[in-house]
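Subject: The structure I promised you

Hi,

Here is the structure we talked about. Have a look at it in your viewer first, then read on.

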Amino acid sequence: MKSLYISFFALSLLTLGACEKFLKTEPSDFLAPSNYFTTEKDLNNALTGVYEVLGHSALYGDYIFYQYDITDEGVYGHAALTNGVQVYNFAPSNPQIDATWRALYVGIGRANLLLENINKPDMNENKRNIIEGETLFLRAYYYFLLAQNWGGVPLILETTKTADDTQRPRASLAQVYEQILTDLKKSESLVQPIGALGFGGRANKSAVRGMLARVCLHMAGYPLKDQSKYAEAKYWAAKVINDTEAGHELNPSYEQVFINLAADKYDIKESIFEVEFWGNRSDAYSESGRLGTRNGIRCLNPDLGYSLGRINATPRLYQRYDEQDKRRDWNIAPFIYPSASSVTPVYWAPENLWQRSSGKYRRQYEVVKPQSTSFSPINYPIMRYADILLMFAEADNELSTTSMPSDSAVNFVNLIRRRGFGLPMDQAGIADVSAGDRSSKASFQAFLRDERSRELCFEGLRKGDLIRWEKFISEMRATASEIDMIAVSGYKFEARAGFNVSEKHLLFPIPSDEMSLNRLLKQNPGW
């Protein structure tokens with residue numbers, strides 16, 4: 001997919017600059033910041049290094065959608081796994097948790113180093129501002145992921161200068177979120193409109209505004225419960241919706257949104273910000289991930305798009321859909337390819353609702369050949385226009401001073417549903433929010449929460465949503481009970497995650513290694 005050249009010298013410098021471990025001697029060939037960051041090219045190479053972290057296996061290359069996205073939508077379908085993040089049975093020493101923490105702080109460290117040297121080159125000021133804006137967006141996003149998963153964390157806004165600087169206490173969650181807002185708001189004034197870029201792989205005004213809406217919704221919910229942020233969430237979502245220059249709109253085909261991600265096609269009307277992957281790891285010039293290879297349709301025929309199919313959709317997700325909703329059989333595959341020689345799909349019996357693969361990311365549409373059995377070039381969707389419409393509707397409903405949702409909120413949801421039913425988006429009818437579901441503010445809120453799942457399942461958003469709504473534990477346990485009740489005995493293990501969940505799982509533990517290195521840290525409750 002569209003890629004940026006990564007200088008080995010730049011990445012070496014950036015990695016060293018972000019590192020919080022210290023050597024007693026300095027290598028003679030060390031490339032010091034004073035000798036770098038002297039040209040526009042240097043800044044762009046450094047910015048590439050900040051972006052590169054997004055594709056790390058500890059983030060969107062693997063863990064975020066495979067290890068961490070276990071909710072009421074999907075479970076890990078492997079009976080032998082009794083310990084691990086996927087079944088909520090792990091300790092602070094878990095290597096995946098440690099890797100994600102470290103990757104996020106590497107990204108922050110690289111961003112800090114770039115921001116400290118942003119003014120060194122003699123270059124066009126508009127280009128400098130764009131680089132600064134994208135860097136601020138990424139730093140804010142890395143802190144947002146930390147805040148969602150760990151709560152208050154050390155707030156590091158400059159590069160580490162001495163060994164003593166590694167002793168940092170946790171900032172409060174409110175302080176971390178305020179810094180995120182500060183960075184995003186400045187970024188919004190500096191980055192380019194998405195139309196000027198022409199693709200969704202870099203920070204742009206629509207992506208920044210959408211992220212501001214998402215951050216504000218999280219601040220309005222648990223645990224901060226700052227309800228003043230609903231107004232800000234609505235404001236920023238509306239900025240995206242009303243941007244006539246960007247002209248965002250839903251792709252008429254729900255399926256095509258995800259086919260495009262696999263087929264190396266950009267659709268900036270719908271797909272606003274993506275993590276870019278490319279290649280099949282047959283050479284050095286690729287950065288592929290595991291999207292679709294782990295959480296795709298189970299397929300053991302490498303010619304059809306090999307996938308372990310380890311994430312199975314839950315009966316609870318399946319039953320959220322109306323029979324006529326075409327999103328159901330796209331997101332929850334009704335078939336598999338069970339052997340290496342399979343050339344035709346084998347369909348599940350209608351009553352089997354516990355073995356169905358998540359089907360959103362389908363490898364058959366990849367254009368990179370030959371396909372790897374372990375890695376894919378499918379881009380990861382972080383921000384879609386459908387989410388913008390749903391965030392606006394949610395914030396607008398929370399702000400409503402009447403007992404009914406507004407027409408604008410309902411109409412935005414109707415657009416999403418009509419698309420999901422395969423209908424023209426100007427055609428009212430069976431897809432529209434029912435009179436009962438829009439009869440009160442509370443009923444529309446409940447409907448919206450299910451609609452977010454129907455539209456955005458397997459996009460790494462559900463756990464955060466459930467936590468901010470204070471529904472995570474209850475939904476996980478209800479999901480486990482349903483699986484335990486209907487699954488055949490050999491698949492009741494899929495209930496493990498829901499039965500293992502407790503209050504401590506609202507946050508990840510601070511990694512053990514980090515606790516031993518930074519003596520000012522305090523562990524999260526229950527760990």
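Below is what turned up in it, one region at a time.

Before anything else, please keep in mind that this is a predicted model.

**Two helix pairs**

Start with helix α13 (residues 385–399) and helix α14 (residues 407–420). They pack at an angle of about 150°, and their axes are 8 Å apart. An angle over 145 degrees counts as roughly antiparallel, so that is the label α13 gets relative to α14. The crossing of α13 with α14 is left-handed. If you want to see which side chains are involved, colour A386, L389, L390, F392, A393 and D396 on the α13 side, then S408, A409, F412, V413, I416 and R419 on the α14 side. That contact consists of nine nonpolar residues, one polar and two charged.

Now go to another pair, helix α6 (residues 173–188) and helix α8 (residues 205–220). Here the packing angle is about 160° and the axes are 9 Å apart. α6 and α8 are therefore roughly antiparallel to each other, and their crossing is left-handed. From α6, the contact involves Y177, E178, I180, L181, L184, K185, S187 and E188, while α8 brings in K205, V208, R209, M211, L212, V215, C216, H218 and M219. Sorted by type, the residues of this α6 and α8 contact are 10 nonpolar, two polar and five charged.

**The enclosed part**

Next, find strand β2 (residues 271–275). Is it enclosed or open? Five of its five residues are buried, so β2 is largely enclosed by the rest of the structure. β2 pairs with strand β6 (residues 380–384) in the antiparallel sense, over four bridges. To spot one of the partners, click on F273 and look across to M383 in β6.

Helix α10 (residues 254–262) is a similar story to tell. Seven of its nine residues are buried, so α10 too is largely enclosed by the rest of the structure. Which residues of α10 are buried? They are Y254, V257, F258, I259, N260, L261 and A262. And what covers the buried residues of α10? The cover includes β2, α12 (327–331), β6, α14 and α15 (441–456). You have already met β2 and β6 as paired strands, and α14 as the packing partner of α13.

**Backbone oddities**

Right after α10 comes D264, in the loop between α10 and β2. D264 is not a glycine, yet its phi is positive, at about 60°. With 34% relative accessibility, D264 counts as partly exposed.

E470 is another residue to look at: it also has a positive phi of about 60° without being a glycine. You will find E470 in the loop between α16 (462–468) and α17 (472–486). Its relative accessible area is 48%, which makes E470 partly exposed.

There are cis peptide bonds to look up as well. Going from Y222 to P223, the bond is cis, with omega near 5°. P223 sits in the loop between α8 and α9 (229–241). Another cis bond joins K369 and P370, this time with omega about -5°. P370 belongs to the loop between β5 (346–347) and β6.

**Two residues to compare**

Finally, try A103 and Q324. A103 lies in helix α4 (residues 95–116). Is A103 buried or exposed? Its relative accessible area is 7%, and buried means under 20%, so A103 is buried. Leaving out neighbours within four places in sequence, A103 is in contact with V53, H56, A58 and L59. You can also check A103 against L54: they are 49 residues apart in sequence, and 8.7 Å apart in space from C-alpha to C-alpha.

Q324 is in the loop between α11 (315–318) and α12. With a relative accessible area of 44%, Q324 is partly exposed. Not counting residues up to four places away in sequence, Q324 touches F421 and I430. If you would like to practise with the distance tool, pick the C-alpha atoms of Q324 and D62: these residues are 262 apart along the chain, and the atoms are separated by 32 Å.

Shout if anything is unclear.

Cheers

Definitions and conventions. Residues numbered from 1 in each chain as written. Predicted model: local features only at pLDDT ≥ 70, side-chain atom pairs only at ≥ 80, totals over all residues. Heavy atoms only, no water. Axes fitted to C-alpha atoms, helices over the stretch in contact; angles between N-to-C directions. Parallel < 35°, antiparallel > 145°, perpendicular 65-115°, else oblique. Left-handed = near helix turned anticlockwise from the far one by under 90°. Contact = heavy atoms within 4.5 Å. Nonpolar A, V, L, I, M, F, W, Y, C, P; charged D, E, K, R; others polar. Buried < 20%, exposed > 50% of the residue type's maximum accessible area, 1.4 Å probe, protein only. Pairing = 2+ DSSP bridges.
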